[in-house]
Amino acid sequence: MRRIAAAAFIVLAMAWPSAAAPFQTEQPQETLVREIGARLRCPVCQSENILDSQSGTAREMIVMLREQLAQGRTEAEIVEYFRSRYGDYVLLSPPVSGFGGIIWIVPPILLVMAGAAYLLLVRRSADKAGRVAHDAQPHEPLNEQSLRRLEL
Amino acid sequence: MVESLIKLGQLATSLALVLSLCAIAAAVLVAARSAPAWLRAARNALFANLALVAFGCATLIWSFATLDFSVAYVAQNSNSQLPMIYRMTAMWGAHEGSLMLWLFYLVLLSAIAVKVHWKDHPLSMPWIIATLGAVQFGFLAFIVFLSNPFLTISPALPDGQDLNPLLQDPGLVFHPPVLYLGYVGFAIPFAFAVASLVRTHSGAEWVRAVRRWTLFAWTMLTSGILMGGFWAYYELGWGGYWAWDPVENASLMPWLTGTALLHSMMAQDKRGLFRTWNVFLVVTTFLLTLIGTFLVRSGVLTSVHAFAVDPGRGAYMLGFLTVTMVFGYGLILFRSDRLLGDALVESPYSRESAILANNVLLLVAAATVFLGTLYPLFVEAVSGERLSVGAPYFNKVVVPLMLAVVFLLGIGPSVPWRKVDARRLAAMLRKPSVGAVLALGVALVAGVRDLLTLSAIAAVAFAFSATLTDIATGIYARRRVTGESWLRAARNVLSFGRQRFGGLVVHLGIALIGAGMIASGLFQTAVTVSMKPGDSFELAGRVITLREVADASSSNYQGRAAILSVSQDGRPLYEMQPEKRFYAVRSMATTEIAIRSSFSGDLYMIIGEETQQGGVTIRGYWNPLVSWIWAGWLVVACGSLLSLSGTSRRKVGRKAASAVATATGVPAE
């Protein structure tokens with residue numbers, strides 16, 4: 001067990017310097033540019049955000065984004081600005097209001113329903129199984145054959 | 001002569017269409033009144049279809065190889081400047097040819113499945129053949145009447161329009177064929193499930209017969225998806241491998257339900273559970289592979305209006321899907337009363353309960369991806385309003401579900417079937433929990449505070465250490481009983497328990513992929529700099545200097561390359577050379593990314609615009625642990641191979657039983 005813990009530690013320790021790096025190299029404003037840019041769709045591309053896109057429109061939008069950040073606007077204000085210019089289409093995560101609402105409501109409802117079905121099924125059949133008496137068998141000592149049956 | 005060859009290909013394919021109908025008719029006839037000669041005829045029709053379709057594909061590839069521009073499809077997708085290898089792979093570069101590839105796989109796998117299972121499943125065989133024949137008919141009719149790659153144009157064009165430059169990459173040689181093999185692989189379990197439903201034999205026989213087919217299809221689908229990611233990473237140049245693009249989602253949906261199927265089939269095999277659920281999953285997965293193929297190939301994903309460009313095709317695809325769906329789900333509803341088994345999930349602390357929970361999560365994830373991919377199309381068709389559902393949405397909704405699945409992946413294989421004492425379960429999970437806690441500690445010290453990131457790290461670490469513990473426990477148990485050396489015990493455990501340990505190795509690979517995705521997805525660093533020769537910038541502890549911008553043209557494109565030298569602590573390491581290419585024939589530009597991979601991460605360089613003053617924009621990424629994803633894929637492939645190579649449990653049992661019988665003289669049953 002300790003060995004496993006050690007192995008896990010080594011693996012993570014090796015991953016760690018690279019994981020720590022991003023926080024120092026980027027200027028705070030560029031981090032914000034990336035955060036907001038990842039939420040905005042390039043209007044002329046096929047499902048690319050404005051950071052990844054190589055198109056002129058996307059680059060102009062990035063320039064606008066930087067300007068607005070430099071003017072001290074908040075993230076919400078900037079997103080709203082692009083939304084008013086290009087419509088809901090520009091938001092890669094659809095708004096909760098209007099048509100986009102469905103998309104946010106359905107998965108949680110599904111999860112709750114499926115979760116309830118799971119609990120109900122397990123509970124009900126566990127009850128039924130509880131009433132069926134089990135004939136307990138004593139364990140035989142393990143040998144080559146029983147190991148194979150156990151797939152060991 | 002060449003023209004007549006493509007006509008022969010067309011003829012062969014049309015003949016296959018007729019034969020698929022004959023196969024269905026003969027097979028149904030056999031089922032109605034037992035007539036073995038007709039069943040052989042139906043089987044031979046499927047065999048003949050393999051020869052005919054293979055010939056059809058061969059004529060098409062031959063037309064590409066010889067650059068016969070009198071064939072419309074060749075003229076649209078190749079060019080005399082195109083290197084030979086891409087001429088051959090151009091066959092599946094566009095709509096018509098890729099459907100032809102789909103069809104080829106279908107007739108190939110049908111023939112193999114019928115040949116392999118001919119003796120074992122004599123009573124199901126008519127229905128298996130009829131189902132496979134019907135699917136073949138569906139694709140053949142589409143290809144012959146609506147999407148014909150054999151059409152010729154007269155007079156022949158002097159030169160072709162060239163293959164889409166993005167597809168001129170080794171990635172295209174592998175990604176679509178492997179992905180399609182995964183898609184088509186699910187047709188075989190589908191046929192077996194239909195046969196078992198029609199015959200109302202919903203026991204474990206069909207599940208056992210298709211275990212390997214399902215695992216094979218799943219492995220190919222997984223590989224195809226990852227190869228697609230690999231290709232996107234190397235070719236498209238946005239620094240990532242997965243963008244939640246509708247085209248990607250289309251392949252993810254059958255993967256999610258296929259993964260659920262792979263697990264819940266075990267519960268039916270070993271415990272006789274989830275019969276209805278399994279046939280539902282098979283039908284759903286097969287439908288999703290059809291939807292995936294059609295979505296990507298119809299162009300409807302770019303815009304609903306693409307559908308209207310060729311209404312015949314669109315209507316046919318919808319019709320085919322509807323018929324398959326009504327037939328598949330209808331059959332399940334019709335037979336639902338016969339599908340109930342008497343086995344029960346006895347306790348929430350059991351393997352079957354873990355599998356059920358895994359299924360619930362995977363299915364909700366699949367439904368979410370389905371909704372997120374198709375809902376925008378629906379809204380646009382209904383109201384004309386355009387909506388985007390992209391990465392930020394899916395990351396928020398699907399990623400947490402998948403994290404729960406990864407967490408369960410750690411628990412599931414440790415929990416025994418039927419039930420286990422809650423206290424014993426807790427004891428079993430203590431070791432992996434230590435792994436998770438350690439990882440969490442490291443992440444917290446590193447300054448990670450985001451809740452989702454922390455739970456992702458914990459889940460992956462838990463799954464990884466739980467899987468390792470499971471493997472180690474197996475080896476330890478065997479060693480204790482047999483007194484073998486560690487190495488020998490490990491070897492024996494791996495070779496005797498191929499199904500179980502193959503599965504564990506796959507899980508290990510998935511955990512590695514998960515670690516790679518978390519690190520590269522959440523800890524990526526990106527820099528965009530405008531530089532002149534001699535300028536340098538720093539990224540992930542390395543100093544990158546622009547030496548010059550040079551010409552890098554080739555026979556079929558003009559190119560510009562930035563030559564960058566990378567050094568660390570004043571020590572020069574290597575050179576990187578991102579390029580930009582312009583393909584004159586299609587007047588299309590592409591970027592060739594320069595990547596330097598290492599264990600801890602990838603340095604990823606893209607060349608941007610050049611300025612008049614001899615400067616250039618360089619975009620650099622540091623993508624931590626990306627290579628773990630590809631390494632994880634190798635581990636998954638090895639695990640799958642191990643599991644596929646194992647004899648089935650039933651056979652081992654039978655062998656062991658007969659060994660006992662001969663040894664003691666007592667009858668086996």
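These are my notebook entries on a predicted model, covering chain A, some helix pairs, the nonpolar cores and one arginine of chain B.

**Entry 1: chain A**

I started with the secondary structure of chain A and found 7 helices and 0 strands. Read from the N terminus, the elements go α-α-α-α-α-α-α. I then looked up burial: of the 152 residues in chain A, 25% are buried. For the contacts in chain A with a separation of 6 or more, I noted that 40% join residues 24 or more positions apart.

**Entry 2: H7 and H9 of chain B**

Next I turned to helix pairs. Two packed helices are described by the angle between their axes and the distance between the axes, and I kept to that scheme.

My first pair was H7(B), residues 170-185, with H9(B), residues 205-235; their axes come within 7 Å and cross at roughly 150°. Angles over 145 degrees count as roughly antiparallel, so H7(B) is roughly antiparallel to H9(B). I wrote down 15 nonpolar, 7 polar and 1 charged among the residues of this contact. The handedness of the H7(B) and H9(B) crossing is left-handed.

**Entry 3: H6 and H8 of chain B**

How do H6(B) and H8(B) pack, by angle and axis distance? I found an angle of about 130° between H6(B), residues 125-145, and H8(B), residues 187-198, with the axes 8 Å apart. That angle makes H6(B) oblique to H8(B). The crossing here is right-handed.

I listed who takes part. H6(B) brings B:Trp127, B:Ile128, B:Thr131, B:Leu132 and B:Val135. From H8(B) I noted several residues, including B:Ala187, B:Phe190, B:Phe192 and B:Val198. The tally for the contact is 11 nonpolar, 1 polar and no charged.

**Entry 4: H17 and H18 of chain B**

My last pair was H17(B), residues 430-445, and H18(B), residues 451-482, which pack at about 145° with axes 7 Å apart. H17(B) passes H18(B) in a right-handed crossing. On the H17(B) side I picked out residues including B:Lys431, B:Pro432, B:Gly435 and B:Ala443. Facing them on H18(B) are, among others, B:Leu454, B:Phe462, B:Phe464 and B:Thr469. By class, the contact divides into 12 nonpolar, 4 polar and 1 charged.

**Entry 5: the nonpolar cores**

Which residues touch the most other members of the largest nonpolar core? I found B:Ala27, B:Leu103, B:Ile129, B:Ala187, B:Val460 and B:Ala463, in a core of 218 residues. H9(B) supplies the largest share of this core, with 17 residues.

I followed up B:Ala187, already met in the contact of H6(B) with H8(B). Beyond its neighbours within four places in sequence, B:Ala187 is in contact with B:Leu106, B:Leu109, B:Leu132, B:Val135 and B:Phe286. I also came across a second, separate core of 21 residues, with B:Ala562, B:Leu603, B:Tyr604 and B:Tyr621 among them.

**Entry 6: B:Arg560**

I closed with B:Arg560, which sits in strand E4 of chain B, residues 558-568. Is B:Arg560 buried, exposed or partly exposed? B:Arg560 counts as partly exposed because it has 17 C-beta neighbours inside 10 Å, while a buried residue needs 20 or more.

Setting aside neighbours within four places in sequence, I found B:Arg560 in contact with B:Val549, B:Asp551, B:Ala552, B:Glu579, B:Lys580 and B:Glu610. I also checked back to B:Ala443 of H17(B): its C-alpha atom and that of B:Arg560 are separated by 42 Å, with the two positions 117 residues apart along the chain.

How values were computed:
Residues are numbered from 1 along each chain as its sequence is written. Chains are lettered from A and ligands numbered from 1 in the order in which they are written. This is a predicted model: local features need pLDDT of at least 70, side-chain atom pairs count only at pLDDT 80 or more; totals for chains, interfaces and linings use all residues. Axes are lines fitted to C-alpha atoms, for helices over the stretch in contact, and angles run from 0 to 180 degrees between N-to-C directions. Helices (H or I, at least four residues) and strands (E, at least two) are DSSP runs, numbered from the N terminus. Angles under 35 degrees count as roughly parallel, over 145 as roughly antiparallel, 65 to 115 as roughly perpendicular and the rest as oblique. A crossing is left-handed if the near helix is turned anticlockwise from the far one by less than a right angle, and right-handed if clockwise. Ala, Val, Leu, Ile, Met, Phe, Trp, Tyr, Cys and Pro count as nonpolar, Asp, Glu, Lys and Arg as charged, and the others, Gly among them, as polar. A nonpolar core is a set of buried Ala, Val, Leu, Ile, Met, Phe, Trp, Tyr and Cys residues joined through C-beta atoms within 7 Å. A residue is buried if 20 or more other C-beta atoms lie within 10 Å of its own, exposed if 12 or fewer, and partly exposed in between; C-beta atoms are placed from the backbone. Two residues are in contact if their C-beta atoms, placed from the backbone, lie within 7 Å.
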